[in-house]
Number of protein chains: 2
Amino acid sequence: MRIADLRTPAALVDLDALERNAVRMGANAARLGVRLRPHVKTHKTLEAARLQVRGQFGGITVSTLAEAAFFAAGGFSDITYAVPVAPAKLADAAELAGRIERLNLLVDHPDAAAAVETCARERRAVLSVFLKVDCGYHRAGVDPTRAESAALAAGLAASPHLDFRGILTHAGHSYRCRGADDIRTVAAQERDVMTQFAGRLRAAGVRVEEVSIGSTPTLAVADDLSGVTEVRPGNYAFFDATQAAIGSCALDDVAFSVLVTVIGRYPERRELLLDGGALALSRDPGPAHVDPECGYGVVCAAGGAPLPGWRVVSLSQEHALARSAQGLPAAAFPIGSRLRVLPNHSCLAAALFERYAVVRGDLVVDEWRPARGW
Amino acid sequence: MRIADLRTPAALVDLDALERNAVRMGANAARLGVRLRPHVKTHKTLEAARLQVRGQFGGITVSTLAEAAFFAAGGFSDITYAVPVAPAKLADAAELAGRIERLNLLVDHPDAAAAVETCARERRAVLSVFLKVDCGYHRAGVDPTRAESAALAAGLAASPHLDFRGILTHAGHSYRCRGADDIRTVAAQERDVMTQFAGRLRAAGVRVEEVSIGSTPTLAVADDLSGVTEVRPGNYAFFDATQAAIGSCALDDVAFSVLVTVIGRYPERRELLLDGGALALSRDPGPAHVDPECGYGVVCAAGGAPLPGWRVVSLSQEHALARSAQGLPAAAFPIGSRLRVLPNHSCLAAALFERYAVVRGDLVVDEWRPARGW
């Protein structure tokens with residue numbers, strides 16, 4: 001089967017690019033002397049995760065309990081569930097933890113820690129936990145400068161029902177950066193906040209085995225991760241228009257795209273109507289902080305080459321409008337012709353598809369099915 | 001089962017509200033003397049569609065060929081596929097059309113019209129078509145003031161291979177309105193553009209059986225649809241935070257919400273971390289044109305009552321941050337407690353779930369599974 005035979009909109013995974021991205025990040029982690037525990041939420045497929053852990057220690061990171069169960073069933077046995085766990089999910093998490101080598105849970109609040117400990121005690125099990133730390137993103141995590149945070153770590157480490165693995169953060173504010181220099185500043189902050197907190201904890205007698213960090217932008221630029229033990233980037237498997245715009249990758253590295261068909265032509269407004277809308281590309285606003293005109297992704301020819309001057313200017317559920325800055329020649333892009341769009345955020349766009357067409361060049365070589373739900 | 005037993009994030013459909021919304025729109029159509037052909041893309045379920053067509057003629061509107069096939073298999077036999085059809089989808093569309101009473105296709109370009117006619121001729125079939133008209137939204141559709149548009153309609157009507165049903169539009173620009181008066185202006189424009197175009201076509205000898213219009217906002221306020229034969233609102237089944245903000249409904253009418261759990265508390269920034277992110281609520285920017293602080297939905301207590309002063313201020317893949325303008329008292333919203341969020345755009349949020357928990361009050365009375373894909 002060839003790309004031209006696919007019904008649109010279709011999710012395309014460029015296997016050559018994905019393999020290159022996986023190898024490059026693996027080499028990056030080796031050079032930096034850290035273990036790579038890739039986040040698999042970007043693609044949610046066994047096949048891509050297996051490429052990411054090739055040559056690595058085998059651990060992965062997931063964002064939902066459904067992903068944890070899916071990857072456990074697929075043979076992955078060392079999984080970090082990197083969202084603070086809800087108490088009502090603990091029974092299922094503990095059941096899963098009992099079936100694999102290790103399921104690491106995250107807590108950032110004493111009440112959550114108490115709930116995890118109670119669950120472990122009642123099951124006569126030991127549950128692995130990380131303390132989630134806020135390194136400046138201000139989404140989740142404890143403030144490492146507060147005494148309560150060190151006390152919470154000490155409490156986790158002291159519990160006979162818990163295996164305290166260490167501290168974990170995600171510098172998600174790296175996505176707001178404007179270029180590689182900017183990202184380097186965030187990457188240094190992510191590392192320093194964590195290694196300094198680990199140092200204070202160790203000085204207070206708390207054993208901190210793991211210092212886990214990672215976002216795709218910070219890992220793309222990091223040159224010294226002394227004191228860090230593990231990194232958890234995820235988006236780098238696919239990359240996307242945002243990562244290219246902020247300097248984490250080149251457009252050529254983007255391994256995920258959405259194939260669409262031209263279903264309307266409006267030369268007077270220099271616009272094409274495409275049959276992939278918000279349910280194929282997602283409404284992620286993208287790198288508007290570096291490119292206010294970014295629209296909803298990078299428009300490419302069917303073969304994958306970016307089309308200069310084209311933008312996806314609006315999205316509704318099943319329609320997108322792409323506009324050209326230069327005009328729309330009469331012979332260009334007839335009804336029925338195909339384009340590819342590199343979405344702003346591949347994690348959100350990929351999750352909208354129940355299957356991916358895996359391609360090498362023009363050939364469809366496989367079909368992968370992502371995990372879904374919670 | 002009760003709502004409290006659901007794993008979060010969970011999609012909740014309030015059956016009482018949905019039934020009220022369906023009855024009200026049916027009465028609205030009857031009062032206005034038009035047929036109601038509800039758009040089912042908002043929920044994509046057989047069960048909700050059956051409520052919407054109760055007491056109506058039975059026709060529905062869909063946004064993908066996958067939905068058309070799903071609803072045809074569920075017993076719906078009069079379906080309008082309301083996105084301009086891609087030539088490569090015509091073989092499947094024609095095959096489906098042959099199995100049900102009627103599948104109406106949309107065209108807005110001579111090349112698409114030629115492709116539909118060729119498909120019908122080669123199959124020795126007659127395919128039903130509408131001419132899609134742009135009434136001011138400027139997404140899809142022909143400009144009704146241009147001579148080419150009337151010529152295209154005449155060509156469709158003259159073909160022995162096509163059953164030209166009439167003209168169809170969607171006043172999607174009603175979503176940009178700021179209140180009921182504003183919507184009334186768009187509703188009058190939607191009606192007038194279409195009835196005047198129908199008049200010109202008929203004067204030129206073109207038989208125009210159907211004049212089909214409709215968006216949820218314009219139908220919520222319309223008081224005179226003389227000359228219109230059919231309306232196709234869809235969102236009204238669920239409504240959402242946007243519809244409430246622009247005046248199409250009250251917050252009480254919103255039948256779709258996302259149940260989430262508090263998994264983090266940050267009193268110093270007056271924020272709660274919720275376990276439903278962009279993959280549960282969608283990144284739709286919502287009614288920012290009427291409420292720049294709208295965030296990503298209306299935050300409600302677990303029972304459904306809106307919580308004044310709360311906003312969903314940021315979304316990542318599986319996390320949301322809700323912030324209170326008033327502060328976060330120590331005893332309020334502990335870890336593990338539940339909230340509901342009314343998403344900005346229920347169509348996009350509902351499509352993220354593989355099942356809906358159908359509730360009456362606190363009881364889960366059913367589970368519905370939406371169609372998916374293309």
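In the predicted model, the interface between the two chains comprises 49 residues of chain A in contact with 48 residues of chain B. On chain A, the elements that supply two or more residues to this surface are the strands β4 (78-84) and β10 (256-266), together with the helices α5 (110-122), α10 (278-281) and α11 (346-350). The greatest contribution to the side of chain A that touches chain B comes from β10(A), with four residues. By residue class, this side of chain A consists of 21 nonpolar, 14 polar and 14 charged residues.

The arrangement of the two copies was examined by superposition. A turn of 180° with a shift of 0.0 Å along the axis lays chain A on chain B with an RMSD of 0.0 Å. The two copies are therefore related as by a two-fold rotation axis. Among the residues of chain A, A:Arg283 comes closest to this axis, its C-alpha lying at 2.6 Å. Of the interface residues of chain A, 98% are also interface residues in chain B, so the copies meet through the same surface.

The nonpolar interior was also analysed. In soluble globular proteins, nonpolar side chains tend to be buried together. The largest nonpolar core in the model contains 258 residues, and the residues with the most contacts inside this core are A:Tyr81, A:Val116, B:Tyr81 and B:Val116. When residues up to four places away in sequence are not counted, B:Val116 touches B:Val85, B:Leu90, B:Leu105, B:Val107, B:Leu127, B:Val129 and B:Leu162.

Note on methods. Residues are numbered from 1 along each chain as its sequence is written. Chains are lettered from A and ligands numbered from 1 in the order in which they are written. This is a predicted model: local features need pLDDT of at least 70, side-chain atom pairs count only at pLDDT 80 or more; totals for chains, interfaces and linings use all residues. Two residues are in contact if their C-beta atoms, placed from the backbone, lie within 7 Å. Ala, Val, Leu, Ile, Met, Phe, Trp, Tyr, Cys and Pro count as nonpolar, Asp, Glu, Lys and Arg as charged, and the others, Gly among them, as polar. Copies are superposed by least squares on the C-alpha atoms of residues with pLDDT of at least 70 in both. A nonpolar core is a set of buried Ala, Val, Leu, Ile, Met, Phe, Trp, Tyr and Cys residues joined through C-beta atoms within 7 Å. A residue is buried if 20 or more other C-beta atoms lie within 10 Å of its own, exposed if 12 or fewer, and partly exposed in between; C-beta atoms are placed from the backbone.
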